Amino acid sequence: MLPKLAALMDGEIKRRTEVVGIFPNEEGITHLIGAILLEQNDEWAVQRARYTVLEIIAPLGDDPIVTLPAVDA
């Protein structure tokens, strides 16, 4: 799985660097790659949260009466 993810990230970095063309210095490249990795991390976090919520909610769908645990004040 990891080699496939690495290849996808490599392709995305190459695609975006071709759009930019020329970087003024090494810091510019580092900034772009960092931004791409942050964006991907955010997408993975949202997907993970979405599936986690669905896994929690799915068993509740069969019960017509849903109760939530009490919250301590």
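# Two helices and a salt-bridge network

The protein has 2 helices and 0 strands. The model is predicted. Of its 73 residues, 7% are buried. The accessible surface is about 6500 Å², and carbon and sulfur atoms hold 64% of it. The count of salt bridges comes to 4. Glu12, Arg15, Arg16 and Glu39 are joined into one network by salt bridges that share partners.

**Bridges within helix α1**

- Helix α1 covers residues 2-20 and holds both Glu12 and Arg15.
- The side chains of Glu12 and Arg15 form a salt bridge, with 2.8 Å from N to O.
- These two residues sit 3 residues apart, about one turn of the helix.
- Glu12 also pairs with Arg16 in a salt bridge, where the closest N and O atoms are 2.7 Å apart.
- Glu12 and Arg16 are 4 residues apart in helix α1, again about one turn.

**The bridge between helices**

- Arg16 forms a salt bridge with Glu39, and their closest N and O atoms are 2.9 Å apart.
- This pair links distant parts of the chain, with Arg16 in helix α1 and Glu39 in helix α2.
- Helix α2 spans residues 26-57, and the two partners are 23 residues apart.
- Through shared partners, the salt bridges tie Glu12, Arg15, Arg16 and Glu39 into one network.

**Exposure of the network residues**

- Arg15 has a relative accessibility of 45%, so it counts as partly exposed.
- Glu12 is partly exposed because its relative accessible area is 23%, and the buried class is reserved for values under 20%.
- Glu39 has a relative accessible area of 36%, so it is partly exposed too.

**Surroundings of Arg16**

- Arg16 lies in helix α1.
- Leaving aside residues up to four places away in sequence, Arg16 touches Leu32, Ile36 and Glu39.
- Glu39 is thus both a contact of Arg16 and its salt-bridge partner.
- Arg16 and Ile36 are 20 residues apart in sequence, and their C-alpha atoms are 8.9 Å apart in space.

**Ile33 and Thr17**

- Ile33 belongs to helix α2.
- With 28% relative accessibility, Ile33 counts as partly exposed, since exposed requires a value over 50% and buried a value under 20%.
- Ile33 and Thr17 are 16 residues apart along the chain, and 9.0 Å separates their C-alpha atoms.

Terms used. Residues are numbered from 1 along each chain as its sequence is written. This is a predicted model: local features need pLDDT of at least 70, side-chain atom pairs count only at pLDDT 80 or more; totals for chains, interfaces and linings use all residues. Side-chain values use heavy atoms; hydrogens and water are left out. Buried means under 20% relative accessible area, exposed over 50%, partly exposed in between (1.4 Å probe, protein chains only). Accessible areas come from the Shrake-Rupley method with a 1.4 Å probe; for residues, only the protein chains shown count as cover. Contact means heavy atoms within 4.5 Å.
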